[in-house]
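The following paragraphs lead the reader through a single protein model. Please keep the sequence and the coordinates in view while reading.

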Amino acid sequence: MKLKYPMIAAAAALAAPVALSAPAQADGGVFVGVEGSTVALSGYDTVSYFQGNGTPVRGSSQFKVMHDGAAFHFSSQANADLFEENPDRYAPQYGGHCAWAMSRGSLAPGDPTLYKIHGGKLYLNFNRDVQSTWLGDIDGFISKSDPAWTQVPEGKRFGD
């Protein structure tokens with residue numbers, strides 16, 4: 001049988017094992033990053049995604065801000081201050097979970113190096129194949145992901 005959308009099928013096959021397993025969570029049950037610690041975005045400075053050429057940089061625990069049960073690390077005090085002033089502007093969507101998997105109603109870790117800023121929001125993807133699929137219809141996937149995110153149980157949500 002020939003698949004009509006082989007890339008989507010391949011991406012689903014790659015994401016499914018992760019989505020079915022328990023996501024990495026902080027002590028309070030909040031997903032925070034691919035490393036499974038309480039450090040959001042695996043230590044990347046979330047403000048840096050929105051600055052300069054949009055290339056994320058690693059943050060430091062020296063510039064740490066706690067938000068929704070997760071520690072956000074920043075590369076400077078100035079970035080930490082920007083985040084504290086408006087965390088909703090800078091925090092990743094769907095708590096840092098893979099945006100494409102969320103459009104399928106599944107939780108899968110988002111890789112902080114595989115991202116897209118769209119409509120002023122930060123979205124992460126699980127891997128390059130999934131990201132390729134996501135980039136093909138971002139608005140369509142967001143229209144499915146947003147309502148799916150509201151159905152995720154409180155103990156597993158981040159960024160509410």
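Tyr115 has a relative accessible area of 23% and is therefore partly exposed; the term covers the range between buried, under 20%, and exposed, over 50%, as computed with a 1.4 Å probe on protein chains only. The model is predicted, so local features need a pLDDT of at least 70 and side-chain atom pairs count only at pLDDT 80 or more, while totals for chains, interfaces and linings use all residues. Residues are numbered from 1 along each chain as its sequence is written, and side-chain values use heavy atoms, with hydrogens and water left out.

The partner of Tyr115 is Tyr49: the ring centres are 4.8 Å apart and the planes stand at 85 degrees, so the pair is edge-to-face. Rings of Phe, Tyr and Trp (for Trp, the six-membered ring) pair if their centres lie within 6.5 Å; planes under 30 degrees apart count as stacked, over 60 as edge-to-face and the rest as tilted. Tyr49 lies in the loop between H1 and S1 and Tyr115 in strand S3, so the pair ties together parts that are 66 residues apart in sequence. Helices (H or I, at least four residues) and strands (E, at least two) are DSSP runs, numbered from the N terminus. Tyr49, with a relative accessible area of 1%, is buried.

The loop that holds Tyr49 runs between helix H1 (6–20) and strand S1 (60–67), and Gln51 lies there too. Gln51 has 33% relative accessibility and so counts as partly exposed. Beyond its neighbours within four places in sequence, Gln51 is in contact with Asn79 and Leu82, where contact means heavy atoms within 4.5 Å. The C-alpha atoms of Gln51 and Asn79 are 9.8 Å apart, with the two positions 28 residues apart in sequence numbering. Leu41 also has its place in the loop between H1 and S1. Its relative accessibility is 3%, so Leu41 counts as buried, and its phi is near 55 degrees, a positive value in a residue other than glycine. Most residues other than glycine have a negative phi.

Strand S3, residues 111–118, leads on to S4: the two run antiparallel and are joined by five bridges. Two strands are taken as paired if DSSP finds at least two bridges between them. Within this pairing, Lys116 stands opposite Tyr123 in S4. S3 and S4 form a hairpin with two residues between them, and Gly119 in the turn has a positive phi of about 60 degrees. Four of the five residues of S4 are buried, which leaves the strand mostly covered.

After S4 (121–125), the loop that precedes H5 contains Asn127. Asn127 is buried, because its relative accessible area is 17%. At the start of H5, a side-chain oxygen of Asn127 reaches to within 3.1 Å of the backbone nitrogen of Asp129. In H5 itself, the buried residues are Val130, Gln131, Thr133 and Trp134. These residues cover an arc of only 160 degrees around the axis, which puts them on the same side of H5; the arc is that of the directions from the helix axis to the C-beta atoms.

Trp134 also belongs to the largest nonpolar core, which has 18 residues; Tyr94, Cys98, Trp100, Met102 and Trp134 touch the most other members. A nonpolar core is a set of buried Ala, Val, Leu, Ile, Met, Phe, Trp, Tyr and Cys residues joined through side-chain atoms within 4.5 Å. The elements that give two or more residues to this core are helix H4 (99–103), helix H5 (128–135) and helix H6 (138–150), and H6 supplies the largest share, five residues. Apart from this core lies another, of 16 residues, among them Leu41, Ala70, Phe83 and Leu122.

Among the residues of the largest core, Met102 is in contact with Tyr94, Leu107, Lys144, Ser145, Ala148, Trp149 and Val152, leaving aside its neighbours within four places in sequence. Tyr94 is found in the loop between helix H3 (87–90) and H4. At 4% relative accessibility, Tyr94 counts as buried, and its phi is positive, about 55 degrees, although it is not a glycine.

Finally, a search of the whole structure finds eight aromatic pairs. Trp134 and Phe141 form a stacked pair, 6.0 Å centre to centre with 20 degrees between the planes, and both residues are buried. Ring pairs link Tyr94, Tyr123, Trp134, Phe141 and Trp149 into a cluster.

Note on methods. A polar contact is a pair of N or O atoms within 3.5 Å; within protein, one must be able to donate a hydrogen and the other to accept it, and residues adjacent in sequence count only if both atoms are side-chain atoms.
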